[in-house]
Amino acid sequence: MTTVYLMFGPQGSGKSTQGERLAAALQVPYFDAGKSLRALAASDSDTGRQVEQLMEKGELVPNSVLKSLFYSFMETNNCTNGMVTDGFPRNEVQIELLDELARDHHWQIIGVFIDIDDETAKERLAKRTIIVDGQEQTRDDDKPEIVAKRLETYRRETVPVINWLKTHWQLIHIDGKPDIDTVADAVKAAVLNNGQS
Ligand code: AMP
């Protein structure tokens, strides 16, 4: 059966780093919603500008945009052996879409929740840099006031999705506080252990 792993965790939990590593270890494609949206926001289009404005405010972009990005990801990647998603689904509409796809394609869905407290999240984001065109930069939406807004959106929209997964599919809970390698080992061990049980 094809397994789809969904990475969850508050901003700064390291879910992207861990999602990328998990996808590489499993040799399956990796869908990074935030990264795809940042590329769209940088494009010269009406949708790009709308997405950019919402991201700058720390608000979620329309579900229709995510749907089309995810469909185009599925079309351009071979997902027959599974996939890892990061930042998608992030609200109830998106989990319903994924749930429907899972039933149609006979996927097994497993959430991987990288857990850290708010203080650690804020501390990490204050120090975070990303590489854009070879240059080290800070993200506009990592400013403290926008981080607070993103964490609030996360609690309101995404925490219910995580709870829903616990009852309807499966959720692996990982402590995200230790260093990257320790967390990556814990994710891998939990995923492998899960496959055998
Ligand atoms: P991230 O890099 O995952 O923190 O995402 C950065 C921003 O992209 C978020 O603050 C949202 O504005 C937007 N975003 C990412 N994923 C989604 C999603 N699944 N649905 C709606 N908006 C999203």
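A residue counts as near a molecule when one of its heavy atoms lies within 4 Å of it. With that in mind, welcome to this predicted model. There are 16 residues around its ligand, and the protein buries 97% of the 480 Å² that the ligand exposes when taken alone. The points below start at the ligand and then turn to helix H2.

**Around the ligand**
- Among the 16 residues around the ligand, the ones that come nearest are Glu-59, Gly-87, Arg-90, Gln-94 and Arg-150.
- Glu-59 also makes a polar contact: one of its backbone N or O atoms sits 2.6 Å from an oxygen atom of the ligand.
- Val-61 offers a polar backbone atom 3.1 Å from a nitrogen atom of the ligand.
- Arg-139 takes part through its side chain, where an N or O atom is 3.1 Å from an oxygen atom of the ligand.

**Helix H2, from one side to the other**
- Helix H2 covers residues 33-41, and its buried residues are Ala-33, Gly-34, Leu-37 and Ala-41.
- Looking down the axis of H2, you will find these buried residues within an arc of 90 degrees, so they line one face of the helix.
- Lys-35 and Ala-39 are exposed on the other side of H2.

**What H2 meets**
- Two strands, E2 (30-32) and E3 (83-86), pack against the buried residues of H2.
- Helices H3 (46-57) and H4 (63-76) pack against those buried residues too.
- At the N-terminal end of H2, Asp-32 acts as a cap, with a side-chain oxygen 3.2 Å from the backbone nitrogen of Gly-34.

Terms used:
Residues numbered from 1 in each chain as written. Predicted model: local features only at pLDDT ≥ 70, side-chain atom pairs only at ≥ 80, totals over all residues. Heavy atoms only, no water. Buried < 20%, exposed > 50% of the residue type's maximum accessible area, 1.4 Å probe, protein only. Helix = DSSP H or I, 4+ residues; strand = E, 2+ residues; numbered from the N terminus. Arc of directions from axis to C-beta. Contact = heavy atoms within 4.5 Å. Polar contact = N/O pair within 3.5 Å; in protein donor to acceptor, adjacent residues only side chain to side chain. Areas by Shrake-Rupley, 256 points an atom, 1.4 Å probe, with all protein chains shown as cover.
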